[in-house]
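Open your viewer, get comfortable, and follow along one selection at a time.

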Amino acid sequence: MSSDIRMPSDEDLTAFLDGEMSPQEMDRITGLANSNEEVAARIEFLAAGGSSFREAFAPLLEQAPKERLEAMLAGIPTQERKHGASFASRRGFFGALAASLVIGVIADRTYLRLGRSIGKDEGSEWRLAVAQYIALYTADTLAGPVPPADVQAAQLARIDSKLDLALSPETVALPGPDFKRAQLLQYEDRPLAQIVYLDPESGPMALCIIHSDDGAKAPDVEGCKGMNVVYWSTATHAFMLIGHAPVSRLREIANTIRPKFTA
Amino acid sequence: MAVAHALFPAYSRAEMASPVRPAAQSKTIGAEAAIASEADIRKGLTEHLSQLWRYGLVLSRKRDVAEDLVQQTCVRALERAVQFAPGTHLDRWLFSILHSIWLNEIRASRVRNGQGFADAEDTLVFDGAGATETHVAASQLLRKIDKLPEAQRSAIFLAYVEGLSYREVAEILDIPIGTVMSRLAAARAKLSGAAAEGKHE
């Protein structure tokens, strides 16, 4: 190293290469590099060790298990406000809960759009959307009395007209779980019937129905968002029964209602 | 800004006990606003999952650990959604969460359990399938970076791959800027030296 000039440290030269210096400092190093070969050589040496990183790491980005990570994220339930009691009135809390359900659906749709590009089959997507929604339900969500038959019938009538079904409180009654409400949702611009129950043993359970012309399929099971799903379809509709109950029990329940929809 | 306050009252006031009870209506708005920001974080997370996984892989060199890190980062970020300052870079915030989980929880427990990190089979290098010329060069560089100490690896990655400033890297790694500079300088010197050796081979 020449003695008449102070060799900048590797740190300074790195900051120079990275443009992380004041303009005055940059000028000083540039001046040194132009007048001193050793400095120029050291800059060249350090520069050689700092190229093409972005390109080198790009393939790792492609290797990320994107689909799995997205499903994982979708499976993390929306946070209930932990400081809810002091922060919001009880009414405020329920307003927040309702908002979170709406947000859940929006998030679902975002996820599903991404999911589609990865090439998931259509049949499983709506079930995932439902599962993400139902995952937000707790027994408390469904607390309260079972609506009387006429209220049930009125709720079901709204579904009937949109989904070309003829549901009655009897057809949708399940052995064990209590009917809590029937509502009309929408999935990808298609009406989606959601009939929610509270099973005294396992908690929230739901029967969901959507138009489908993929053809009749025998019941199958899958796990989704920590719940079990039994799904099947007729020539005109796809069905899913989802809940925290064991598969065997869900199958049993599905078998009792399935014949009512084959007509 | 008035608009920002109306949207995110939780950022500045949630923790402060106000002597005046706010009206019921404004409390409802507050609760909804906090949740709305959680939805923002969720959306941002969706966009950055692969990036986070890659950083997890750079730190841990293990795919399964990287996945765990992303999951814990998601949970933590959603829990702390109100702590995110809107208008700042979400990816930086997520990187720093991931980094602190790695440092304080995962790596710490692995050290306690006596597990090392430099298992020969666990490297950054990707599968060789369809190795084009670009991939070969990239793979060689990854191999060299893989030999760097974790401290240098993470600094290099954040500064040169993710393109963060020294200050941002310092904040994520929770170290002084001078330390960022020395890690980058040391890594550059090593990689350049390794490249020179490679040429002589």
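Two residues count as being in contact here if their C-beta atoms, placed from the backbone, lie within 7 Å. Keep that in mind, and remember that this is a predicted model.

**Stop 1: Ala155 in chain B.** Select Ala155(B) and look past its neighbours up to four places away in sequence: Ala155(B) touches Val169(B), Leu173(B), Val180(B), Arg183(B), Leu184(B) and Ala187(B). Now widen the selection to the largest nonpolar core, which has 61 residues. Ala155(B) is among those with the most contacts inside this core, along with Leu98(B), Ile156(B) and Val169(B). Colour helix 3 of chain B, residues 24–60, and you will see the largest share of this core, nine residues.

A second, separate core has 43 residues, including Phe179(A), Ile195(A), Val229(A) and Tyr231(A). Let's go there next.

**Stop 2: chain A as a whole.** Show chain A as a cartoon: there are eleven helices and six strands. Of its 263 residues, 34% are buried. Among contacts in chain A between residues at least 6 apart in sequence, 54% join residues at least 24 apart.

**Stop 3: strand 5 and its two partners.** Select residues 227–233 of chain A, which form strand 5; six of its seven residues are buried. On one side, add strand 4, residues 217–224 of chain A: the two strands run antiparallel and are joined by six bridges. To find the register, pick Gly223(A), whose bridge partner in strand 5 is Asn228(A). The two strands form a hairpin with two residues between them, and in the turn Lys225(A) has a positive phi of about 55°.

Now add strand 6, residues 237–243 of chain A, which also pairs with strand 5 in the antiparallel sense, over six bridges. Here the hairpin connection runs through three residues. Pick Ser233(A) and you will find Ala238(A) as its bridge partner in strand 6.

**Stop 4: Leu241.** Stay in strand 6 of chain A and select Leu241(A). Is Leu241(A) buried or exposed? Leu241(A) is buried, because 27 other C-beta atoms lie within 10 Å, and the cut-off for a buried residue is 20 or more. Which residues does Leu241(A) contact, leaving aside its neighbours within four places in sequence? They are Leu207(A), Val230(A), Leu250(A), Ile253(A) and Ala254(A).

Finish with a distance: from Leu241(A) to Tyr231(A), C-alpha to C-alpha, is 6.3 Å, though the two are ten residues apart in sequence. Tyr231(A) also brings you back to the second core, which includes this residue.

Notes
Residues numbered from 1 in each chain as written. Chains lettered and ligands numbered in written order. Predicted model: local features only at pLDDT ≥ 70, side-chain atom pairs only at ≥ 80, totals over all residues. Buried ≥ 20, exposed ≤ 12 C-beta atoms within 10 Å, placed from the backbone. Helix = DSSP H or I, 4+ residues; strand = E, 2+ residues; numbered from the N terminus. Pairing = 2+ DSSP bridges. Core = buried A, V, L, I, M, F, W, Y, C linked by C-beta atoms within 7 Å.
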